[in-house]
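Here are some worked exercises to try with the sequence and the model open side by side. Take each task at your own pace, then follow the solution one step at a time.

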Amino acid sequence: MSVLLLPLALTSRKNPPGELADWLCLSNGELVWFADRHGFRDQTVEGPLRHYRYRCLPKRSGGLRLLEVPKPRLMNIQRQILHGIFDKIPPHNAAHAFCPGRSVATYVAPHAGQQVLLHVDLQDFFPSTRASRVHALLRTVGYPERVARLLTALCTHCARSDAFDGVDSEAFDLRTRQRYRQSHLPQGAPTSPALANLCAWRLDVRLTAFAARFGAAYTRYADDLLFSGGHDLQRGMTRFRILVLAIALNEGFSIQSRKTRVLLQSQSQRVAGLVLNEHPNPIRQEYDRLKAQLFNCVRHGPASQNREERANFAQHLRGKIAYLKMINPQRGSKLQALFDQIQWGESGGSD
């Protein structure tokens with residue numbers, strides 16, 4: 001895509017960084033300050049000179065992830081870059097996370113009712129996307145070298161060593177800490193999801209073409225890769241799996257081997273919390289649990305089911321129902337009918 005198609009042209013040979021500063025409503029000094037290409041600000045102790053704050057959050061699969069959150073002014077700059085530039089560049093068709101009009105439902109749809117599935121999980125997706133990839137992307141779409149370097153610096157980050165203070169060393173092994181200490185996409189920056197998709201373009205292109213050789217389908221939801229096919233794929237699965245991992249490694253991504261699974265149609269093909277054996281369906285136990293919760297809300301009042309004391313329990317239930325409606329409209333409508341019978345009071349969460 002030519003840069004001329006983007007809102008921010010920045011093609012002047014006179015002073016492209018000055019044009020970038022003007023577009024971001026910054027002075028030249030402020031642009032240099034926020035870009036901080038050499039990380040001088042974040043080498044200081046925690047305080048106003050730093051651009052990021054750190055938090056460790058538990059993963060659903062166990063372990064921790066480091067959340068690197070830009071401070072408000074840098075976050076606003078990143079949002080402007082996101083909406084003015086990266087939102088204008090379409091991701092690969094195989095990418096389904098962080099894409100308008102795509103979702104978990106579109107991610108799994110091509111794989112329902114298939115003879116065999118292969119699910120591969122990438123490790124440290126954001127930290128593995130290095131600043132060099134972001135810079136290469138910006139140069140590819142046509143930005144001058146100095147502008148590409150400044151935009152890259154505004155959207156990437158090197159975590160300071162004290163980001164891991166007080167964290168068990170087993171939660172972040174040496175290799176993971178090294179990834180965070182190199183310039184990467186920070187999980188917590190508004191630009192990172194879109195950039196992660198765009199920087200995985202080559203991975204998606206190669207895996208789509210490779211899957212087609214086996215008559216297989218391929219989609220990706222952030223760091224989750226999913227392949228499916230029939231007899232040809234099942235017969236060649238051992239070789240196929242090895243070469244998929246080789247392509248991912250060649251593209252600079254690591255694999256969580258323990259989460260790599262081959263799922264046959266003779267077993268429950270569970271991916272992303274859904275069962276795909278015939279058509280996408282929520283896991284039966286989870287559907288039954290939500291149905292029972294809604295029934296008890298109708299019978300005994302919502303306060304009896306709001307055990308986690310959520311401030312807006314009604315909205316929480318609406319979100320779960322909306323998700324199920326997206327996956328299975330018929331089942332979702334049944335749950336919606338139960339929800340509509342609930343009598344909401346002040347103690348049960350606002351409606």
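The accessible surface of the protein is about 17,700 Å², and 50% of this belongs to carbon and sulfur atoms; areas come from the Shrake-Rupley method with a 1.4 Å probe, and for residues only the protein chains shown count as cover. The model is a predicted one, in which local features need pLDDT of at least 70 and side-chain atom pairs count only at pLDDT 80 or more, while totals for chains, interfaces and linings use all residues. Residues are numbered from 1 along each chain as its sequence is written, and side-chain values use heavy atoms, with hydrogens and water left out.

**Exercise 1. Get an overview of the fold and its confidence.**

Step 1. Begin with secondary structure: the protein has 15 helices and ten strands. Helices (H or I, at least four residues) and strands (E, at least two) are DSSP runs, numbered from the N terminus.

Step 2. Turn to burial: 48% of the 351 residues are buried. Buried means under 20% relative accessible area, exposed means over 50%, and partly exposed lies in between (1.4 Å probe, protein chains only).

Step 3. Look at contacts (heavy atoms within 4.5 Å). Of those between residues at least 6 apart in sequence, 68% join residues at least 24 apart.

Step 4. Check pLDDT, the predictor's confidence in each residue from 0 to 100. Its mean is 87, with 88% of residues reaching 70 or more. Among the elements, strand β4 (residues 217–221) has the highest mean, 98, and α8 the lowest, 81. Over residues 1–6 the pLDDT stays under 50. Where pLDDT is low, the predicted coordinates should not be read in detail.

**Exercise 2. Compare how helices α8 and α9 are buried.**

Step 1. List the buried residues of α8 (residues 174–181): T176, R179 and Y180. They lie on the same side of α8, because they cover an arc of only 95° around the axis; the arc is that of the directions from the helix axis to the C-beta atoms.

Step 2. Recall the geometry: an α-helix has 3.6 residues a turn, so residues three or four places apart point the same way.

Step 3. Inspect both faces of α8. The buried residues are covered by elements including β2 (64–70), β3, α5 and β6 (254–255), whereas the face turned away carries the exposed residues L174 and R175.

Step 4. Now take α9 (residues 192–199). Seven of its eight residues are buried, so α9 is largely enclosed by the rest of the structure. Those buried are S192, A194, L195, A196, N197, L198 and C199, and their cover includes α3, α5, α6 (131–140), α7, α10 (201–213) and β4.

**Exercise 3. Find the nonpolar cores.**

Step 1. Fix the term: a nonpolar core is a set of buried Ala, Val, Leu, Ile, Met, Phe, Trp, Tyr and Cys residues joined through side-chain atoms within 4.5 Å.

Step 2. In the largest core, of 64 residues, I81, F86, L154, F227 and F240 touch the most other members. Helix α7 (residues 145–155) gives the most to this core, with seven residues.

Step 3. Apart from this core lies another, of 14 residues, among them L290, A314, L317 and W344.

Step 4. Zoom in on L154. Beyond its neighbours within four places in sequence, L154 has contacts including L24, F34, Y52, L74 and I81.

**Exercise 4. Place two buried loop residues, F253 and T260.**

Step 1. F253 sits in the loop between α12 (237–250) and β6, and at 1% relative accessibility F253 is buried.

Step 2. F253 and T129 are 124 residues apart in sequence, yet their C-alpha atoms are 8.1 Å apart in space. T129 is one of the residues that F253 touches, along with L122, F125 and R133 among others.

Step 3. T260 belongs to the loop between β6 and β7 (261–264) and is buried at 9% relative accessibility. Leaving out neighbours within four places, T260 contacts L118, H119, V120, R241 and I255.

**Exercise 5. Examine the backbone at F98 and D124, then look for disulfides.**

Step 1. Most residues other than glycine have a negative phi.

Step 2. F98 has a positive phi of about 60°; F98 is partly exposed, at 43% relative accessible area.

Step 3. D124 has a positive phi of about 50°, but D124 is buried, at 11%.

Step 4. With a disulfide taken as a pair of cysteine sulfur atoms within 2.5 Å, the count is zero. Two cysteines to look at are C99, buried at 8% relative accessibility, and C199, buried at 10%.
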